[in-house]
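User: I'm new to reading structures, and I keep meeting labels without knowing where they come from. Could you walk me through a few?

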Amino acid sequence: MGTGGFVFNAADEERRRGVRRMKATATGLLVLVALVYALAKWAQDTGAGPWAGYVAAAAEAGMVGALADWFAVTALFRRPLGLPIPHTAIIPTKKDQLGVSLGEFVGENFLSADVVKARLHALGIGGRLGAWLAEPAHADRVTAELAAALRGALTVLRDSDVQAVVGEAITRRAESAEIAPGMGKTLERVVADGGHHRAVDLLCAKAHDWLVTHGESVMDAVQGGAPGWTPRFVDRKIGDRVYKELLRFVTEMRDMPQHPARGAVDRFLTDFAADLQSDTETRAKVERLKSEILARGEVQDVIASAWTAIRSMILSAAEDEQSELRLRVRSSLISLGARLATDGRLQDKLEGWIEGAVVYVVTTYRTEVTSLITDTVAGWDAEHTSRKIEAHIGRDLQFIRINGTVVGALAGLLIYSVSRAFGA
């Protein structure tokens, strides 16, 4: 049953039954000493002997102690006998003040920077965490939990949203960065190292093979471009001559590393690399070409589809216990744990980070935490608050009544005995 912000469960009901039983016991003891007092007074009046006075004094003091403690215990939760006695029903009437005091107490004694740092330092988190992670079974557990969290995060994320973000981020990054100088420096290094020679070799070889294979097509193309008034055999002769010259030129370029055409290619690439770095017009042309390429729908589709490929790869690796990703994470965790368990400097560094983070959170949000306590207590119903607290501590409070009865009786007996001893 939920009332006033509380939930009274079966355990609470059992506690309340225990409180009622203890109340009955304490009240029964009060009735018992009252009956003993009455009988002792009757025996004293009938001349039963000096013992009756001792019993009557003990019983009388026991009644006083029982009634005083009953009043004190009852005044915590309600007004005794319903009378508007000042400073009674303390919990219902002072509930909000108690909440404020509790919040201040927690803030000062649990959420202070010094207390938090001292407590965290005493825990030795770095060494404990290292020893725990160094165990392969624990590393396997952490790896599995990380994989599950990763799968959950990727499942929650909508592909369309992520693709849009990834596409925008890549496009914005590419548009904001000028690529011409970087391309120029790279090309300059490639030419200086001779790295472009293989590309030229490949191009020459492919050109030679193509000319050999498509010789007729080349000659037909040359003949087709000749004037209509020239004889056919002349066109044929010119086409054959052009083809042979082209084939000779390509063959020489392929077979002669020092061919003048190769040198021309080197000079062209060197000049182009310099223009990419320093020529304003060349750099502007490259930037315009870059923007045109990025704006094409096909390029944007390729960029957006990158997320799908990455997501599929990550999910596959996260689900496979023997994947390279999970094996590397597991190995890294075990290695980190072993270092943490033995490296004091690393432990101090980790604990410093943790202490700094926790202290920041505590000092920054201490007011919110304490206000949560005070606001929560303020929102409780006064009557139900009293019932809830009484259910938890009421049984022990009834022992105070019983102890008050017993202690009162012993004190009364002692006072009466001392008085008789001195002739009072």
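Analyst: Sure, let's begin with handedness: a crossing is left-handed if the near helix is turned anticlockwise from the far one by less than a right angle, and right-handed if clockwise. By that rule, α2 passes α18 in a right-handed crossing. Before we go on: this is a predicted model, where local features need pLDDT of at least 70 and side-chain atom pairs count only at pLDDT 80 or more, while totals for chains, interfaces and linings use all residues. Residues are numbered from 1 along each chain as its sequence is written, and side-chain values use heavy atoms, leaving out hydrogens and water.

User: What makes α2 and α18 roughly antiparallel?

Analyst: Their axes cross at roughly 155° and come within 6 Å. Angles count as roughly parallel under 35 degrees, roughly antiparallel over 145, roughly perpendicular from 65 to 115, and oblique for the rest. The angle clears the antiparallel cut-off, so α2 and α18 are roughly antiparallel. The axes are lines fitted to C-alpha atoms, for helices over the stretch in contact, and angles run from 0 to 180 degrees between N-to-C directions.

User: And where do these two helices sit in the chain?

Analyst: α2 covers residues 51–77, and α18 covers residues 382–421. Helices (H or I, at least four residues) and strands (E, at least two) are DSSP runs, numbered from the N terminus.

User: What kinds of residues make the contact of α2 with α18?

Analyst: That contact has 16 nonpolar, 10 polar and 4 charged residues. Here Ala, Val, Leu, Ile, Met, Phe, Trp, Tyr, Cys and Pro count as nonpolar, Asp, Glu, Lys and Arg as charged, and the others, Gly among them, as polar.

User: What makes α5 roughly antiparallel to α17?

Analyst: It's the angle again. Helix α5 (residues 113–123) and helix α17 (residues 344–379) cross at roughly 150°, with axes that come within 10 Å. That angle makes α5 roughly antiparallel to α17. On α5 the contact is made by Ala113, Val116, Lys117, Leu120 and His121, and on α17 the residues include Glu351, Ile354 and Val358. Sorted by class, the residues of this contact are 7 nonpolar, 2 polar and 3 charged. The crossing of α5 and α17 is right-handed too.

User: Why are α10 and α13 called oblique?

Analyst: Helix α10 (residues 197–213) and helix α13 (residues 260–278) pack at about 130°, with their axes 12 Å apart. That angle fits neither the parallel, antiparallel nor perpendicular range, so α10 and α13 are oblique to each other. His197, Val200, Asp201 and Cys204 of α10 meet Arg262, Val265 and Asp266 of α13. That contact divides into 3 nonpolar, 1 polar and 3 charged residues.

User: How do you know that glutamate 281 and lysine 285 form a salt bridge?

Analyst: A salt bridge is a side-chain nitrogen of Lys or Arg within 4 Å of a carboxyl oxygen of Asp or Glu. For glutamate 281 and lysine 285, the closest N and O atoms are 3.6 Å apart, and that passes. The two are 4 residues apart in helix α14 (residues 280–295), so about one helical turn separates them. By this rule, the count comes to 12 salt bridges.

User: Why is glutamate 281 called exposed?

Analyst: Buried means under 20% relative accessible area, exposed over 50%, and partly exposed in between (1.4 Å probe, protein chains only). Glutamate 281 is at 52%, so it counts as exposed. Lysine 285, at 46%, is therefore partly exposed.

User: What makes glutamate 287 buried?

Analyst: Its relative accessible area is 19%, so it falls under the cut-off. Glutamate 287 also forms a salt bridge with lysine 290, the closest N and O atoms being 2.6 Å apart. Both residues of this pair are buried. Glutamate 287 touches Ala177, Glu178, Ile179 and Ala180 as well, not counting residues up to four places away in sequence; contact means heavy atoms within 4.5 Å.

User: Is glycine 130 buried or exposed?

Analyst: Buried: its relative accessible area is 0%. Glycine 130 is found in helix α6 (residues 125–133). Leaving aside neighbours within four places in sequence, glycine 130 is in contact with Gly337, Ala338, Leu340 and Ala341.
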